[in-house]
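Trainee: Could you take me through one part of this model up close, and then show me how the rest fits around it? I'd like one connected walk rather than a list.

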Amino acid sequence: MKKIRVHRLSTMGMVAGSALVSAFSAQAQAQAVPQSTEVETVVVTGSRIQRDITDASTPLAVISSEEITLSGALSIDEVLNEQPQFVSATNGGATANTVPAGSAAGASYVNLRGFGPTRSLTLVNGRRFAIFGPEQVTDLNTIPTALIERTEVVTGGSSAVYGSDAITGVVNFIMKDDFEGVEVGGQYGFDSATSTPTYSADLTVGGNFGDGRGNAVVSLNYYKREGFTRAERGDWAELPYGEGCVTPESWSDSMIGIANGSSAADCAASGGRMGFVFSGSGDIPNGRFALTPDQRAATQAQLEAAGLDGMGDTGFTFDDAGTTQRLAQRPADDFNLTQHNYLQVPQERWMLNAFTHYDFAPQATGYMEFHFSNNRVDQQLTQANIGGDFLFNVDNPYLDEQMQALLVALDAAETGPRTIQQGQLTYSTTPNDGLAILTAGRRLVELPFRHNIDDHNVWRTALGVKGDLGDVSDKFLRNLSYDVYYSFARSEDSSRQEGAASRSRYAAALLSSGGNAPLANVFGQNLSEAAVNGIKINATNVTNAEQQVASATLGGEAFDLPAGAVGFSVGVEWRTAEAEYIPDEYLRSGDVVGFNPGLPTAGDVTVKEIFSEVRVPLLTGLPFVQNLTANGAFRSSDYDLEGVGRVSTYLYGLDWRLNESVAFRGQFQRAIRAPNIGDLYGGLQLNFSGLTDPCSSRNTTNQSDAVRQLCIATGVPATSVFTDGVQPDAIIPNRSGGNPNLEEERSDTRTFGVVLTPGFIPHLAVTLDYFDITLDGAIDQLGGGAESTLNLCYFTIQDATSDFCRAIRRNPATGSITVPYSLDVLQANIGALETSGIDLQVRYGWDVDWGGIGGAGGSRFDVSTAWTYTDEFTETPMQAQPQNKNRCVGAYGTICGEPIPEYKGVTRLTWTTGALGVSLRHRFIDSVTTDRIVLPRTSGRTPPPADSMTNAKFDVKNYLDLSLTYDLGDTAELYAGANNILDTDPPIVAGFGGYGNTFPATYDYAGVTFFMGVKVNTF
C-alpha cells in the first residue's frame, strides 16, 4: 500500500488546496498508483481538526516552493504581493525608503485583502512567529524562503481557530522540517535599468539520528540586495513631479513638460494640457525668506529700498555669496529633493534556522524550532531642510544696510509680545527689542545625506511535544492526538540616523552671542564648517518586542453518527506580548530636523483563551448528497485590557459534496483584532507626509467660496487663502498617537464556494469562492488618516466645529500647517472597512506524446491561474457618519493608497520535457483611476474632469515573465529567468500616495529583472 504524503505535494502557482489534491490524486492514478492508495488525513490551515484536505471548509490557496524558484524571488513578500488576494504595502519591502518612527526600515508585511498588516495573521508551521515593535506584526524578512515547503493562504476571519488579528485571513508558512542530506544553493540577479545586483546563498544540512527516531535540519542563509537612487534609475524617477499646465508639444505621460503659466482651471482655455511639472522644495540652499501680509504692508518702503518691491508669499532669496537679495521664484528656485533618495534600498541579511524532532515514545514526539536573523537596511534621503519662524538680530553683520533696515522696520512693526519655539528652546520678542521675525526655510546642503542605518535582530525558539494517544474506546474518543508547546520570540531593532540637525541649535546659531557674530550665516551658501558642526546631530532609537505563547490542544473523533465520525478539537492558550520604542532625547523632544521625531512607547498585552472546534457529518450516501458536513468553532478570550475584557469569536458552516466532481462550501466567521501596543500606548509622533492643504494653491480642484470661508474660519488669513504661502512644501506635519481605552475591532466574514474536479476532464481542478468581509470599530487615525481628515473638514462635513476641523492647528500669522503647528490625528475605534469579491483558481495538466527532448518520449503541460474580482472595497472613516464612504475599488491615491484593481490575476504555463522545464507567467493588473475622481463619483457628487489632472487613469498592465529549469540528475538543478521581459514601464503619477513618481510596491520599477541560480543536493 502506497501512502500519498499530501502535505509534501509539489505544485506550481497558486491553486486551491482542496482542488489541488483532487487533481493530483487523479494524476497519480493515471500514473498507475495501486488501487489501495490511502490519502492521509492532515491538519490544514483554517482548522485544527485532522481531515482529508479535499474537505477544506474555508477557501484555501497554496503557493509551492517551485513557484518561489520560478519567480526568482529571494524574499517571500515578492511572491505574495504578486498574488491576487494581496495588496502591496507602500512603506514595506525593497522600496521602503521612508523612516517612520518605531518601525523597522525595509520591513515587509502581509497585507491580505488590503486591510493592512495588523489585520492579517502570519504563522509558521501553524504557530505564531516573532513579532516586531508596538504593531506586533511579523516581518517577512525573517521567514526563511529556502526552507518553505509551501505557503497556505486562508481567506476571511479565523480568530475562532487562531485568535486575534486573523481578520482577513491567515498566511501559514509550512517549513521543510524532515530533511536528509546537504543542499547548497545560490542565486544572482540584476535589473536592466541600473544593473544593480542581488545575491543569495543557502546551506541546508539535515539527517536522521537515534535509529531513525529523530531528524534535525539546520539552514543558513545569506542575502544581499544592493540599492540605487532615483537619479541612478533615471528617466521618470529622478525629479520631483507635480501637476501643472504645460504646452501641448512638450506634454508627456512620463516626463516633465514646459509650463505655460496657467492654472489647472484655465489650462484648457489657454491652449495648454495638464502634465508633469517640476515640484521641488521651497526650502532651498540659498535660503528662502518670507513675510506675512501684515509685515509686507508695514515695511513697503524698506522692501523697495532693498530691491524687493512687489514681494508676495514666495518671499526672497540670495545669491550664492549671500550679498545680493532678490525676489524668489517658484518653481525656478526650488530644490530637487528626490534625486539622491533611494528608490531601492540596500539590504543585507544573515539567517539561521534549525528544526528537530525526536520520537521519545509511540505517543510522544518532542520537537524544537529555532530562528535567528539579522537584517541591515540603509535608507538614504537628500540633505535635511529646516523651516519656520526664526528670530534674527536687526544688525545681523551678514546683511547689507538695506536688509538691516528692513529687519529694524519689522521689529518696530510687531504688535505685541510673541513667543517662538524651536525644538527645546523658547524665545520671546517684543517690539523694538533688536530682534525681528522672519519665516525662513533652508536646505542644509552643507550637511551630509541623511542615512537611517537599521539593524534588526530576531530570536525565536519553540519547544513542544505532540503525539497520538489512540482510542479511549471503540465508540468514544478515538484517534486522539495532542500538541503542547511553548514559544518565545524577541526582536531588537536599532536605528542610527545620520545627517540630522538640531532645531534649537540652528535657532541659537542665527543669533549673536556675547557680542559675536552669529555662528550661522544662512544667507546664500555660507554655512561654515563650525556652523555645520554646531547644528549637526545624529539620532538613535531602539525598538524591542517580545512574544510568549503557551498552547495545548487535544483532538480526535468524539463518537459516531450515522453519517460518520464527529471530529473535535479543544485547547487552551496563553499569550503575552510586550514592546517598547525608545527614541533618544533629540527625537523625543522633537528637536530634530531630517527625521521623524516621536515619543516613547511601551506596554504589554496578555490574553488567556479557551477554544473548541467540531466537525459533524450530517448526511452521506444519498442522491445528490455524497456528504453533508457541518462545522463550527468557538473561542473565548480574556484580555487584560479595560476596553476589551472578555470577548468571544466563533464560526459555523456547511460542506456539501454532491459527488466526486462537485462540492459546495459556505461559512460564517466572527473575528476580532485586539488593539496592539502601538494602538494603545503609542507616544505622539510627528510625521511629515505628502499631503494637499485644501486652503493652499496646491488645491487645484475645488477652490469654491464655501471652502474659502471654511479656510478663514479654521485660521487662514483671508488674504492668504489659496496662495503658495499656506503650503510652502509638499509635506505637512501631522501627529499620531495611541489611546489606552480602545476596544477590539470586530469583523464578520461570509464565504461561499464551489469546487469542481470533473471526472470527464482528468487533472482539472476549479474553485470559485465568494467572500464578504466587514469590519466595525476599525482602529485608525481620526478620519482614517491625515489626507482624509483634511478632505472631510473642507470638502465633505464643512463644519469648523467638527472633530476633523478642530484637529487642524495652523500658524495664526500665515495660515500654514508648519512646525510647531500640526494636523493631530490620534487613534480611535471610529471606522469601518468592507470588501467583497470572487476568487477563481484553476489548475490543469496534460501529457502529450510529442515534444520530447533529451531522450524523453513526450512532454507535459501544466497551467494554473488565480484571479480575484474585487466588487467592493469601502472605507468608512467615521461610522457615526455612514454616508461618508471612500469606495476604493478601481482607485489609487492619497486616500485609497496603493492601487486596488477590480481584476488582478496570475497565470503560469509550464512545459516539461525530460530534465528541461520552460515556464511562462502572465501577471495582470486592471486599470485604476485617481481617487480624486473615483471618490466623488461613487458618492453621487460631480468629480473634477480628468483633463484637469495628469494620468488620472492608469492603463491595464500586463507583465510577462519567463523562466527555465534543468535537472542535472538527482543531485543538482539549474534555473534562470527574466521578469517583465517586455520591459513594461510603471504608470507615472505626481505624488498622490505613491513614491518615486509611481507605485513601486505594486508595479515593476526596475525594467527587466534577470536571475540565475543553482541548487546542489547530496544524500
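Mentor: Let's start with strand β5, residues 121-124, which is covered on both of its faces. Leu121 and Leu123 point to one side, Thr122 and Val124 to the other, and all four are buried. Keep in mind as we go that this is a predicted model.

Now for the neighbours of β5. With strand β8 (residues 169-175), β5 pairs in the parallel sense, over 4 bridges. If you want a spot to click on, Leu123 stands opposite Asn172 of β8. The other partner to look at is strand β6, residues 127-128: it runs antiparallel to β5, and 2 bridges join them. There, Val124 has Arg127 as its bridge partner. So β5 takes part in both kinds of pairing, parallel with β8 and antiparallel with β6. As background, strands of a sheet pair through backbone hydrogen bonds, in either the parallel or the antiparallel sense.

The turn from β5 into β6 deserves a look of its own. The hairpin has 2 residues between its strands, and Asn125 takes a positive phi there, near 55°. If you're plotting backbone torsions, that's a residue to label.

For contrast with those covered strand faces, go to the surface. Val184, Leu203, Val205, Val218, Leu220, Trp350, Leu352 and Val1016 form a nonpolar patch there, and together they have about 600 Å² of accessible area. Three elements give two or more residues each to that patch: β10 (197-209), β11 (214-225) and β19 (347-361). Take Leu203 as a sample member; this residue lies in β10. Its relative accessibility is 37%, which is why Leu203 counts as partly exposed. Compare Leu123 back in β5, which is buried.

Next, the disulfides, of which the structure holds 4. Counting bonded cysteines along the chain, they follow the pattern 1-2, 3-4, 5-6, 7-8. Let me go through some of them.

Cys245 and Cys267 form one, with their sulfur atoms 2.1 Å apart. The link is right-handed, with 85° about the S-S bond. Cys245 belongs to strand β13 (residues 241-246), whereas Cys267 is in the loop between β13 and β14 (273-278), so the disulfide ties together parts that lie 22 residues apart in sequence. Both of these cysteines are buried.

Further along, Cys793 and Cys805 make another disulfide, and their sulfur atoms are 2.0 Å apart. The torsion about the S-S bond is about 105° here, so this link is right-handed. The connection runs from helix α14 (residues 786-797), which holds Cys793, to helix α15 (residues 803-806), which holds Cys805, with the two positions 12 residues apart in sequence. Cys793 has a relative accessible area of 0%, so it is buried. Cys805 counts as buried too, at 3% relative accessibility.

The pair of Cys888 and Cys896 has its sulfur atoms 2.0 Å apart. With -75° about the S-S bond, this link is left-handed. Cys888 is buried, with a relative accessible area of 2%. Cys896 comes in at 11%, and since buried means under 20%, Cys896 is buried as well.

From Cys896, move on to β42 (897-900), which stands at one edge of an open sheet. That sheet has 4 strands in the order β42-β41-β45-β46, and the pairing is mixed. At the other edge is β46 (953-954); each edge strand has a single partner, so one side of each is left without a neighbour in the sheet. Strand β45 (residues 928-930) pairs with β46 in the antiparallel sense over 2 bridges. The residue to pick there is Val928, which stands opposite Phe954 of β46.

Finally, zoom out to the whole protein chain. The chain has 16 helices and 49 strands. Its C-alpha atoms fill a box of roughly 100 × 60 × 55 Å along the principal axes. A compact globule of 1019 residues would have a radius of gyration near 31 Å, and the chain has 31 Å, so the two agree. Of those 1019 residues, 59% count as buried, and the four residues of β5 where we began are among the buried ones.

How values were computed:
Residues numbered from 1 in each chain as written. Predicted model: local features only at pLDDT ≥ 70, side-chain atom pairs only at ≥ 80, totals over all residues. Heavy atoms only, no water. Buried < 20%, exposed > 50% of the residue type's maximum accessible area, 1.4 Å probe, protein only. Pairing = 2+ DSSP bridges. Patch = residues over 30% accessible without salt bridge, like charges linked within 9 Å, V, L, I, M, F, W, Y side chains within 5 Å. Areas by Shrake-Rupley, 256 points an atom, 1.4 Å probe, with all protein chains shown as cover. Salt bridge = Lys/Arg side-chain N within 4 Å of Asp/Glu carboxyl O. Disulfide = S-S within 2.5 Å. Rg over C-alpha atoms; globule rule 2.2 N^0.38 Å.
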